[in-house]
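Work through the exercises below with the sequence and the model at hand. Each task is followed by a solution in steps.

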Amino acid sequence: MPDEDLARAKSVLRLRGRSSRRAVTPEQRAAAAEAVAAAVLALPQMASARTVTAYGAMPEELDVGPLIEALWDLGVRVVLPRVASATELALHEYRRGDELCTGPYGLKAPCPNAPVVPVEHVDAFVVPGVAFDLACNRLGMGAGYYDRLLAHARPDAIVIGVAYDEQIFVSVPCSPHDRPVDVLVTPGGTFWRRSRPLTTSS
């Protein structure tokens with residue numbers, strides 16, 4: 001697909017994805033947050049994960065607050081991204097009781113003085129998206145922050161996309177640099193990318 005056509009297709013789907021997630025009712029949001037938290041924790045790779053990156057959810061995004069609370073209860077170190085420049089995310093530890101600062105785009109993120117965590121220390125990344133398909137392709141907001149961050153992740157780290165069922169589409173247009181997720185978790189199911197095993201080898 002030519003670059004201009006790809007960019008147009010992404011823009012159209014981005015509008016559809018954002019509209020779909022905005023339409024989710026408050027009751028559905030609360031139930032979805034709990035269901036997704038339980039499903040993420042049930043992933044086999046999470047049993048050995050000691051450092052997990054989550055995110056400060058925007059109002060229309062799936063809330064990972066219940067997942068973060070559960071991770072803290074399990075003694076897992078939680079990390080959140082912060083926009084550090086026009087192109088890069090920095091990862092900072094987020095501990096229970098820590099204050100979050102409002103960064104670019106209105107994102108809630110750790111304050112700049114929070115401890116920095118190297119991306120190579122992260123065992124699992126829980127990432128939002130605007131739209132996904134069942135092949136685990138992900139469409140973000142278009143700035144490419146997560147694509148660049150995940151390019152530095154360890155090969156054995158798992159990337160988990162979380163979303164509402166309404167954000168799943170038949171096909172997500174992709175560029176070669178677009179990073180798919182290894183598994184997509186929604187309230188309605190868990191969908192694995194074919195190249196990623198369902199269970200870890202013992």
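**Exercise 1. Which residues of α3 are buried, and against which elements do they pack?**

Step 1. In this predicted model, helix α3 spans residues 65–73. Taking under 20% relative accessible area as buried, the list for α3 is L67, I68, A70, L71 and W72.

Step 2. Follow the contacts of these residues outward. The buried residues of α3 pack against the helix α2 and against β1 (51–53), β2 and β6.

Step 3. Look at what comes after the helix. G75 follows α3 and has a positive phi, near 80 degrees.

**Exercise 2. Describe the largest nonpolar core and the surroundings of M46.**

Step 1. Count the members. The largest nonpolar core holds 51 residues. Those with the most contacts inside it are V40, M46, V64, F125, V126, I160 and V162.

Step 2. Assign the core to elements. Two or more residues come from each of α2 (26–41), α3, β2, β3 (89–93), β6, α4, β9 (158–162) and β10 (183–186).

Step 3. Take M46 as an example. Leaving aside residues up to four places away in sequence, M46 touches V40, L41, V52, L71, A124 and I160. Of these partners, L71 is one of the buried residues of α3.

Step 4. Check for a further core. A second, separate core has five residues, among them L13, L139, F169 and V172.

Step 5. Set this against the general tendency. In soluble globular proteins, nonpolar side chains tend to be buried together.

**Exercise 3. Determine how many disulfides the model has and account for C136 and C174.**

Step 1. Apply the cut-off, a pair of cysteine sulfur atoms within 2.5 Å. The count is one disulfide.

Step 2. Identify the pair. The sulfur atoms of C101 and C111 are 1.9 Å apart. The angle about the S-S bond is 95 degrees, and the link is right-handed.

Step 3. Place the two ends. C101 is in strand β4 (residues 100–102), while C111 is in the loop between β5 and β6 (124–127), and the two are 10 residues apart. C101 is partly exposed, at a relative accessible area of 26%, whereas C111 is buried, at 13%.

Step 4. Turn to the cysteines outside this pair. C136 is in no disulfide, and its nearest cysteine sulfur is that of C174, 11 Å away. C174 cannot be paired with C136 because a separation of 11 Å between the sulfurs is too far for a bond.

Step 5. Compare their settings. C136 is buried at 0% relative accessibility, whereas C174 is partly exposed at 33%. C136 sits in the loop between β7 (131–132) and β8. C136 is not a glycine, yet its phi is positive, about 75 degrees.

**Exercise 4. What lines the largest pocket?**

Step 1. The largest pocket encloses about 690 Å³ of space.

Step 2. Its lining has 34 residues, with R138, M141, A143, Y145 and Y146 nearest the centre.

Step 3. Sort the lining by element. At least two residues come from each of α1 (3–22), β2 (77–83), β5 (108–110), β8 (138–139) and α4 (145–150).

Step 4. Sort the lining by class. There are 16 nonpolar, eight polar and 10 charged residues.

How values were computed
Residues are numbered from 1 along each chain as its sequence is written. This is a predicted model: local features need pLDDT of at least 70, side-chain atom pairs count only at pLDDT 80 or more; totals for chains, interfaces and linings use all residues. Side-chain values use heavy atoms; hydrogens and water are left out. On a 1 Å grid over the protein atoms alone, a cavity is a set of points where a 1.4 Å probe fits but cannot get out, and a pocket is an open set with protein on both sides within 12 Å along at least five of seven lines; lining residues have an atom within 4 Å of a point. Grid points are joined across faces, edges and corners, and a volume is the space filled by probe spheres set on the points. Helices (H or I, at least four residues) and strands (E, at least two) are DSSP runs, numbered from the N terminus. Ala, Val, Leu, Ile, Met, Phe, Trp, Tyr, Cys and Pro count as nonpolar, Asp, Glu, Lys and Arg as charged, and the others, Gly among them, as polar. Buried means under 20% relative accessible area, exposed over 50%, partly exposed in between (1.4 Å probe, protein chains only). A nonpolar core is a set of buried Ala, Val, Leu, Ile, Met, Phe, Trp, Tyr and Cys residues joined through side-chain atoms within 4.5 Å. Contact means heavy atoms within 4.5 Å.
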